[in-house]
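User: Hi! I have a structure open and would like to understand the words people use for its inside. Could you help me reason through them?

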Amino acid sequence: MMRSALIFAAVALVCMSGLVASEEGLRLIALTSETDRQWMTVQQVEELILAKRKFIDITETPVPVRTLKVPPPIPDQPFHKDYVDVVIQDLSSNQIAQTITQLSSYFTRYYTSATGKAAAEYIHGLFTELAGEREDITVDYFEHSWIQPSVIARIKGQGPNADEVVIIGAHEDSVGVATNARAPGADDDASGTATIIEAFRVLVENGYTPDRTVEFHTYAGEEAGLRGSQDIATAYAQKQVDVMTMMQFDMTGYVGRSGAIGIITDFTNVNLTAFMRILVDTYTELNWQDSTCGYGCSDHASWTRNGYRSAFPFEAPFGQHSPFIHSANDLLQSLDLNHAREFAKLAVGYVVELGGVGGMM
């Protein structure tokens, strides 16, 4: 009883000190692990961003909220290959290019900018247009304490497992050589956003109805320490939302020197990652290599931190990825759209295999 009281007091003290520091303009930053944390000024945080350092801003959640749900096991083989093989034929690299072109036309999509908000509104509008008149699909903003909202497109499950949620994500923001500089972000991460939107398009056009509820997320504030996905993952954990799995698509368009994609193995779920390798081999023409990207390298880490199972396929083994990110040169012309289309195949395969088809699992 005494030990529990001491833990509660310690957590309360951390949260209270965090509230005071946050009000003073400081941010609590976790750098290489949950325990490697420092209070930093906004300027120091921006210096991390511009140095391309990956980190998690844990100011609002110094102690992560953990889900108590015990999810069902991950499959060890695909069960819906005939269905997926038909749907992925409709994927279009031209459609992916159009979405990337629009997103990269904004001067910047930085999460505190008006154009960052406009980009989120474009994404919301595109999901809404693609959803058409389907009553089982909703498209919502998830509002944050800054100007750019995240976007969530949801296809409601129609089977016995409809209360379980399968999440596929990307991040909608971008950053350049400075937080107010030109930041087209064609690869980082208009490519991932366009990839999951294209998966959404072909699934809807083929009349896909899942057993589990499927959500397509585009996150605000990833470049500033996974702030958008942290808000959402924390909210889901607080509500004990039954998240089956989460897969992140952050940069899908650049081909590294090996030609392989990277399967990220750190801060991800072992079983979901193993199934992801099977999906890559089953539904794409991609070769893969295991790779690591470090603590907090993309939004999957927010879900891992909150106790959910996540996975992260990356455009190339880490270190072979695009050299143009976080600059004005992160443009469509540096991307291989067929490479991104292969990622869209993976996205469709993931959604259908984990989300199921109608009431059939």
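**Inside the model**

Analyst: Happy to help! This is a predicted model, and the count comes to one cavity of 30 Å³ or more.

User: What makes the largest cavity count under that 30 Å³ rule?

Analyst: Its volume is about 70 Å³. The cut-off for the count is 30 Å³ or more, so a cavity of about 70 Å³ qualifies, and it is called a cavity because a 1.4 Å probe fits there but cannot get out.

User: Which residues line the largest cavity, and how are they split by class?

Analyst: The lining is made of Ile49, Lys52, Arg53, Lys54, Phe55, Glu222, Glu223, Gly225, Leu226, Gly296 and His326. By class, that gives three nonpolar, three polar and five charged residues.

User: How many residues are in the largest nonpolar core?

Analyst: The largest nonpolar core has 62 residues, and those with the most contacts inside it are Phe127, Phe200, Phe216, Val348 and Tyr350. Leaving out residues up to four places away in sequence, Val348 touches Val84, Val87, Ile88, Leu91, Ala199, Val202 and Leu203. Another core lies apart from it, with 13 residues, including Val45, Leu48, Trp146 and Ala220.

User: How many aromatic pairs are there?

Analyst: The count comes to 12 aromatic pairs.

User: Why is the pair of phenylalanine 127 and phenylalanine 200 called edge-to-face?

Analyst: Their centres are 5.0 Å apart, with 85° between the planes. Rings pair if their centres lie within 6.5 Å, and planes over 60 degrees apart count as edge-to-face, so the name fits this pair. It links distant parts of the chain: phenylalanine 127 sits in helix α5 (residues 114–131) and phenylalanine 200 in helix α6 (residues 186–205), 73 residues apart. Both phenylalanines, 127 and 200, are buried.

User: What makes phenylalanine 267 and tyrosine 295 a pair of the edge-to-face kind?

Analyst: The same test works: 5.3 Å centre to centre and 70° between the planes, set against the limits of 6.5 Å and 60 degrees. Phenylalanine 267 lies in the loop between β9 (261–264) and α8 (270–283), and tyrosine 295 in the loop between β10 (288–291) and α9 (300–305), so the pair ties together parts 28 residues apart in sequence.

User: How do you know whether phenylalanine 267 and tyrosine 295 are buried or exposed?

Analyst: Buried means under 20% relative accessible area, and exposed means over 50%. Tyrosine 295 has 9%, so it is buried. Phenylalanine 267 has 35%, which lies in between, so it is partly exposed.

Note on methods:
Residues numbered from 1 in each chain as written. Predicted model: local features only at pLDDT ≥ 70, side-chain atom pairs only at ≥ 80, totals over all residues. Heavy atoms only, no water. 1 Å grid on protein atoms, 1.4 Å probe; cavity = no way out; pocket = protein on both sides within 12 Å on 5 of 7 lines; lining within 4 Å. Points joined across faces, edges and corners; volume = space filled by probe spheres on them. Nonpolar A, V, L, I, M, F, W, Y, C, P; charged D, E, K, R; others polar. Core = buried A, V, L, I, M, F, W, Y, C linked by side-chain atoms within 4.5 Å. Buried < 20%, exposed > 50% of the residue type's maximum accessible area, 1.4 Å probe, protein only. Contact = heavy atoms within 4.5 Å. Phe/Tyr/Trp six-rings, centres within 6.5 Å; stacked < 30°, edge-to-face > 60°. Helix = DSSP H or I, 4+ residues; strand = E, 2+ residues; numbered from the N terminus.
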